[in-house]
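Student: I would like a close look at one part of this model, taken slowly and with the packing described in full. Could you walk me through a single helix and its partners, and then follow one partner onward?

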Amino acid sequence: MLQDASFSGIPPSYAYDVDRAEEQRRHHDQMPYIDDSPSSSPHLSSKSRGSRETLSSGSLESTKSSEPDLEKGLEMRKWVLSGILASEETYLSHLEALLLPMKPLKAAATTSQPVLSSQQIETIFFKVPELYEIHKEFYDGLFPRVQQWSHQQRVGDLFQKLASQLGVYRAFVDNYEVAMETAEKCCQANTQFAEISE
């Protein structure tokens, strides 16, 4: 087998693959290229525009060839937004899990035997309710738009609003270390809270 491979310069098992790759390359040169890199939105490259112009002689043919490209781009955008929706759903469920013990802890803080003080609760759960509301509003706005996806559907306003509220994250992150230290101390000092936090 080694002699065969050195004779032709290509291992025998790859001979078919080389022919097939050449055929795919020729086919690829005729097909429009969609840039699917994560740093850019799906769009046609200049290479595909040039090859399409040489392939189509009339505007009718150009319109026909661009329709599948538009559909592909539309499907790609819907796929990306569906992924964002899934991430948001997961994030909201984690925030809900944090909020679940917060309400009874707050209620108990006003009794004669509180599990945590109001100050400890504020420190541990700092900005969590606000983050939940921000992401719930974003999710509730994005979900119906993705369900009714079309060429006319726009979502930029939702992302702009989300970006305008990044200050809440800054406050949450700035407090995170103090929140973790407080939660750790409370777990060591109070077995009831240790059970809740688990």
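**Helix 6, its partners and a pocket**

Tutor: The crossing of helix 6 and helix 8 is left-handed, and this description, like what follows, rests on a predicted model. Two packed helices are described by the angle between their axes and the distance between the axes. For helix 6, residues 128–147, and helix 8, residues 166–189, the angle is about 150° and the axes lie 10 Å apart. Since angles over 145 degrees count as roughly antiparallel, helix 6 and helix 8 are therefore roughly antiparallel to each other. The residues that meet are Val128, Glu130, Leu131, Ile134 and His135 from helix 6, and Val168, Tyr169 and Phe172 from helix 8. By class, this contact of helix 6 with helix 8 comprises six nonpolar residues, one polar and one charged.

Helix 6 also packs against helix 7, residues 156–164, at an angle of about 175°, again with axes 10 Å apart, and helix 6 and helix 7 are therefore roughly antiparallel as well. Here Ile134, His135, Glu137, Phe138, Gly141, Leu142 and Arg145 of helix 6 meet Asp157, Leu158, Phe159, Lys161 and Leu162 of helix 7. The contact of helix 6 with helix 7 divides into six nonpolar, two polar and four charged residues. Ile134 and His135 of helix 6 appear in the contact with helix 8 and also in the contact with helix 7.

Following helix 8 onward leads to the second largest pocket, where helix 8 gives the most to the lining, with seven residues. Helix 4 (59–109), helix 8 and helix 9 (191–197) each supply at least two lining residues. This pocket holds about 400 Å³ of space, and of the 16 residues that line the pocket, Leu98, Ile124, Phe125, Met180 and Ala183 are the closest to its centre. By class, the lining has 14 nonpolar residues, one polar and one charged.

Note on methods. Residues are numbered from 1 along each chain as its sequence is written. This is a predicted model: local features need pLDDT of at least 70, side-chain atom pairs count only at pLDDT 80 or more; totals for chains, interfaces and linings use all residues. Side-chain values use heavy atoms; hydrogens and water are left out. Axes are lines fitted to C-alpha atoms, for helices over the stretch in contact, and angles run from 0 to 180 degrees between N-to-C directions. Helices (H or I, at least four residues) and strands (E, at least two) are DSSP runs, numbered from the N terminus. Angles under 35 degrees count as roughly parallel, over 145 as roughly antiparallel, 65 to 115 as roughly perpendicular and the rest as oblique. A crossing is left-handed if the near helix is turned anticlockwise from the far one by less than a right angle, and right-handed if clockwise. Contact means heavy atoms within 4.5 Å. Ala, Val, Leu, Ile, Met, Phe, Trp, Tyr, Cys and Pro count as nonpolar, Asp, Glu, Lys and Arg as charged, and the others, Gly among them, as polar. On a 1 Å grid over the protein atoms alone, a cavity is a set of points where a 1.4 Å probe fits but cannot get out, and a pocket is an open set with protein on both sides within 12 Å along at least five of seven lines; lining residues have an atom within 4 Å of a point. Grid points are joined across faces, edges and corners, and a volume is the space filled by probe spheres set on the points.
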